[in-house]
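Reader: Hi! I have a structure open here and would love to walk through it with you. Mind if I throw some quick questions your way?

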Amino acid sequence: MAKIQAPVKIKDVLYVTFTDLTHEGKAVAKVEGYPLFVEGALPDETGEIEVTKLNKGYGFAKLIRLDQIVPERVVPPCSVYDECGGCQLQHMTYEGQLKMKYNQVRNVIDRIAKLPDVPVHPVLGMEDPWRYRNKAQVPVGMNSGHIVAGFYKKRSHDIIDMTECLIQHEQSDNIIQKVKDVCAANGVMPYDEQRHKGVLRHVMARIGYTTGEMMAVLVTRTAELPNKEAIIKGIRDAIPGITSIVQNVNPDKTNVIFGNQTRTLWGEDVIYDLIGDVKFAISARSFYQVNPVQTEVLYGKALEFAGLTGDEVVIDAYCGIGTISLFLAKKAKEVYGVEIVPQAIEDAKKNAALNGITNAQFQAGKAEEVIPAWYKQGIRPDVIVVDPPRKGCDDALLQTILEMKPKKVVYVSCNPGTLARDLRVLEDGGYKTCEVQPVDMFPQTTHVEAVAVLTL
Ligand SMILES: C[S@@+](CC[C@H](N)C(=O)[O-])C[C@H]1O[C@@H](n2cnc3c(N)ncnc32)[C@H](O)[C@@H]1O
């Protein structure tokens, strides 16, 4: 194996100044230009670190002590912040988080898209950046004779028992605790991953943010749920207002949470929620945005950027359950949505019907294959909205957009790096990026979404 060239050795203890924060929330300390990534520090802080791992071109170190700290540093309010790994920025003020996310987007728009003159607006953050998630799913296990439910400890499958998660809706905490207690009281054994024995594997809680409807999902290894009727009664008694209790069966030895079989034990098969004035039916397995408050902010921006007057043909590529399509349909002449997951397309069609929307059509398939076929059939969109997964748009789709020449492209992105890469392709093909608006969908974590608008 080639020897790694680095100016430091494993176990070296160094005094450093941190200069930057990576998109994963790790601080960067450079030694003779060689970057070391360190958890728990912030830019401009100084302190002692111990080198733990060396790679070609970069390494890792652990923080021993901080010497000078910055005003952006706060005490993380969550008691299991260091162990859990679900949040990465709780040790930073919310203002500091928004500034960091802005820099992240600005940086790639400058460096990768090569658009230093394009305005990137300040990040649209939340008034209250806590308790925003509408879906919680946690593993269940046994620890010292007690049933525990919580999150996997960083880089392990040890379950941290927790009674609250500060980014989850309060009712999700309640549902998880009560389901755990009721199952324990009725002799339901938690799943033992090592021996592939036991019953209860995961608990999921879903909340309809605007309707207050609540769903509890028990993921079990066996189809049979011991003391089923007592469990249903126990959960209903313990959680007044619950509207749906569902069982999902996953008999496999796997890290995948859900199995293929889902049945409603009591109540409704779905809960409902609203984004703007569009109603969505959400089943146990449906994909649905997890931060409903900021989803409305993000889609509101996409709608504003699309500038619809009612006469436009719109394509929504990577449409999921049609959230953006249905949000736009009320202001457009026609909307065509395409999505790779057939079940999501079924949900999109149901949600269109639920809202009496008749000018939205949906097709299952790859955006990069379906949209060129639509083009051949003579469909000429005025606006194309794309909301791809983290890897960004397929190049074949970008080339089709350049051929179709819609007046506007609205790009919704969960990964600034691939957004910037794709903006460059569209710019080289003749589009102009007018502005970029980052939106904070996931406070306390390092993720940032952004929406950009391009015109011809
Ligand atoms: C970031 S999500 C956006 C979902 C939706 N716009 C929303 O806001 O709920 C990206 C979606 O793209 C879908 N997807 C991934 N690759 C795809 C492809 N090649 N063609 C079409 N859809 C794809 C995923 O299944 C996922 O639903």
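Reader: Which residues have the most contacts inside the largest nonpolar core?
Author: Happy to help! This is a predicted model. The largest nonpolar core holds 129 residues, and V203, A216, A302, A317, V385 and V410 have the most contacts inside it.

Reader: What does V410 touch, leaving out residues up to four places away in sequence?
Author: V410 touches A302, F305, A306, V383, V385, V451 and V453.

Reader: Cool. Now the ligand: which residues come nearest?
Author: Y318, G320, I340, A367 and D387 do, out of 20 residues around the ligand. Two or more shell residues come from each of α6 (323-329), β17 (334-339) and α8 (367-376).

Reader: And what is the shell like by class?
Author: It has twelve nonpolar, five charged and three polar residues.

Reader: Which residues does the UniProt "binding site" annotation cover?
Author: That unreviewed entry lists Q289, Y318, E339 and D387.

Reader: Let's take D387. Where is it, and is it buried or exposed?
Author: D387 sits in the loop between β19 (383-386) and α9 (395-404). It counts as buried because 24 C-beta neighbours lie inside 10 Å. Apart from neighbours within four places in sequence, its contacts are Y318, I324 and V412.

Reader: Same for Q289: where is it, and why does it count as it does, buried or exposed?
Author: Q289 is in the loop between β15 (278-283) and α5 (292-306). It has 20 C-beta neighbours inside 10 Å, so it counts as buried; the cut-off for that is 20 or more. Beyond four places in sequence, Q289 touches T295 and T323.

Reader: What about Y375, where does that one go?
Author: Y375 is in helix α8. It is partly exposed, because 16 other C-beta atoms lie within 10 Å. Setting aside neighbours within four places in sequence, Y375 is in contact with T400, E403 and M404.

Reader: Changing topic: what does UniProt list for residues 7-65?
Author: An unreviewed entry there gives "domain: TRAM". Over residues 7-65 the chain is 56% strand and 0% helix, with the end C-alpha atoms 22 Å apart.

Reader: Nice. What is the strand order in the open sheet of six strands?
Author: The order is β1-β5-β6-β4-β3-β2, with mixed pairing. β1 (13-17) and β2 (20-21) are the edge strands, each pairing on one side only.

Reader: How many bridges join β1 to β5, and which way do they run?
Author: Five bridges join β1 to β5 (residues 46-54), and the two run antiparallel. In β5, E48 is the bridge partner of Y15.

Terms used. Residues numbered from 1 in each chain as written. Predicted model: local features only at pLDDT ≥ 70, side-chain atom pairs only at ≥ 80, totals over all residues. UniProt positions renumbered as here; feature names shortened; annotations may be inferred. Helix = DSSP H or I, 4+ residues; strand = E, 2+ residues; numbered from the N terminus. Core = buried A, V, L, I, M, F, W, Y, C linked by C-beta atoms within 7 Å. Buried ≥ 20, exposed ≤ 12 C-beta atoms within 10 Å, placed from the backbone. Contact = placed C-beta atoms within 7 Å. Pairing = 2+ DSSP bridges. Near = placed C-beta within 6 Å. Nonpolar A, V, L, I, M, F, W, Y, C, P; charged D, E, K, R; others polar.
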